[in-house]
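Student: Please take one part of this model and go through it closely. I would like to see how that part relates to the rest of the chain.

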Amino acid sequence: MVLDNRSEVRKVLLITLLLNLVVMAIKASVGWWTGSLSLLADALHSVTDSANNVLGLVASRLASPQPDRDHPYGHQKFDALGALGIAAFLGVACFEILKGAIERTIEGFQHGLQSIKISAPELWILLIVLGINIFVTFYERNVGIRVGSPILIADAQHTMSDVWVTITVLLGLIGVWQAGVLNLPALQWLDVILSFPVALLVFRSGWSVLKENLPWLVDEMAIAPEAIHTIAMQVPGVINCHEIASRGVVGRQVFIEMHLIVSAQDVEGAHRITEEVEARLAERFSPVRVLIHVEPPTYKSDRITYDR
């Protein structure tokens, strides 16, 4: 059974793209107006949010689960490639944030830190932006989990990092605001200092996305062979099974191969047994495609992986 959820994924990505563009424009405008490095860095992070949505739309259109002549196993690895693209965007954002923070720090020690002017209305605007980011995160994540879309889950994770970034920046800007109210110029350094944890949060999100999608691309084992063996052995007529292999991601798409020793005297009987094995595996790990090589009851081999 192959599930095609691309139309719903594209709908979600279009909605979040529009919201992310609004968020990016607000952050960039307020950051430019106030001269806040951390807020401009946050706006850069939001640029990657929008770019990720565009990337996700492209990957979603290409990532059809339906096989064709040139792609007999479907096209779903395009989905994982799109998620890796998100990780790459996060890496670029992390580098740019660190670069700007280091440059501002060196400039501050040499010539004095540039003063940042921010007011209460601008802080309220940023609170609204934070609310939009939180909505986008939970909306994408819930739909991604429901339809089993790695690109939505990865993008939601990226947006969640944007939520933490915005919270961090907002706290720093509240401190900068109080620097003017309380006449404490040292608090101006909060804007630069908090740029470093912002970069670390961005890097952490990128690493998580990379770690979650590499198993799909490198054909890492999807299901423990012991679990597949246990299910197969519960089917009447199965004597043993070996050479068990699996790849893919459970809940997204799994491919299973095995050699099955069956107690059957004809092809029809062997077919019924293998159909039951496939049905039970599909019930447990759907969507799944199973390839079974049938062997007779007298088959003996030192390559049999499991004993009864």
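Tutor: Helix 3, residues 77-111, is the main contributor to the nonpolar patch, supplying three residues. This is a predicted model, and what follows should be read as such. The patch has an area of about 310 Å² and is built from Leu 98, Ile 102, Ile 106 and Phe 196.

Ile 106 is a useful residue to take from the patch, as Ile 106 belongs to helix 3. The relative accessible area of Ile 106 is 44%. Buried would require a value under 20% and exposed a value over 50%, so Ile 106, at 44%, is classed as partly exposed. Patch members need over 30% relative accessible area, and the 44% of Ile 106 is therefore enough on that count.

Ala 80 is also part of helix 3, but its setting is another matter. The relative accessibility of Ala 80 is 0%. Because the limit for buried is under 20%, Ala 80 is counted as buried. Leaving aside residues up to four places away in sequence, Ala 80 is in contact with Asn 213, Trp 216, Leu 217 and Arg 252. Ser 149 is 69 residues from Ala 80 along the chain, and the C-alpha atoms of the two are 9.7 Å apart. Helix 3 thus holds both a buried residue, Ala 80, and a partly exposed one, Ile 106.

Now the wider chain. Its secondary structure consists of nine helices and three strands, in the sequence order α-α-α-α-α-α-α-α-β-β-α-β. Among the strands, strand 2 (residues 253-262) pairs with strand 3 (residues 288-295) in the parallel sense, over eight bridges. Between these two strands the chain passes through helix 9 (residues 267-285), giving a β-α-β crossover that is right-handed. Within the pairing, His 259 sits opposite His 293 of strand 3.

Totals for the chain complete the picture. The protein chain has 308 residues, 47% of which count as buried; Ala 80 is one of the residues that count as buried. Of the contacts between residues at least 6 apart in sequence, 74% link residues at least 24 apart. The accessible surface amounts to about 15,600 Å², and carbon and sulfur atoms account for 64% of that surface.

Notes
Residues are numbered from 1 along each chain as its sequence is written. This is a predicted model: local features need pLDDT of at least 70, side-chain atom pairs count only at pLDDT 80 or more; totals for chains, interfaces and linings use all residues. Side-chain values use heavy atoms; hydrogens and water are left out. Two strands pair if DSSP finds at least two bridges between them. Helices (H or I, at least four residues) and strands (E, at least two) are DSSP runs, numbered from the N terminus. A crossover is right-handed if, with the strands pointing away from the viewer, the path from the first strand over the helix to the second runs clockwise. Patches are made of residues with over 30% relative accessible area and no salt bridge: like charges are joined within 9 Å, nonpolar side chains (Val, Leu, Ile, Met, Phe, Trp, Tyr) within 5 Å. Accessible areas come from the Shrake-Rupley method with a 1.4 Å probe; for residues, only the protein chains shown count as cover. A salt bridge is a side-chain nitrogen of Lys or Arg within 4 Å of a carboxyl oxygen of Asp or Glu. Buried means under 20% relative accessible area, exposed over 50%, partly exposed in between (1.4 Å probe, protein chains only). Contact means heavy atoms within 4.5 Å.
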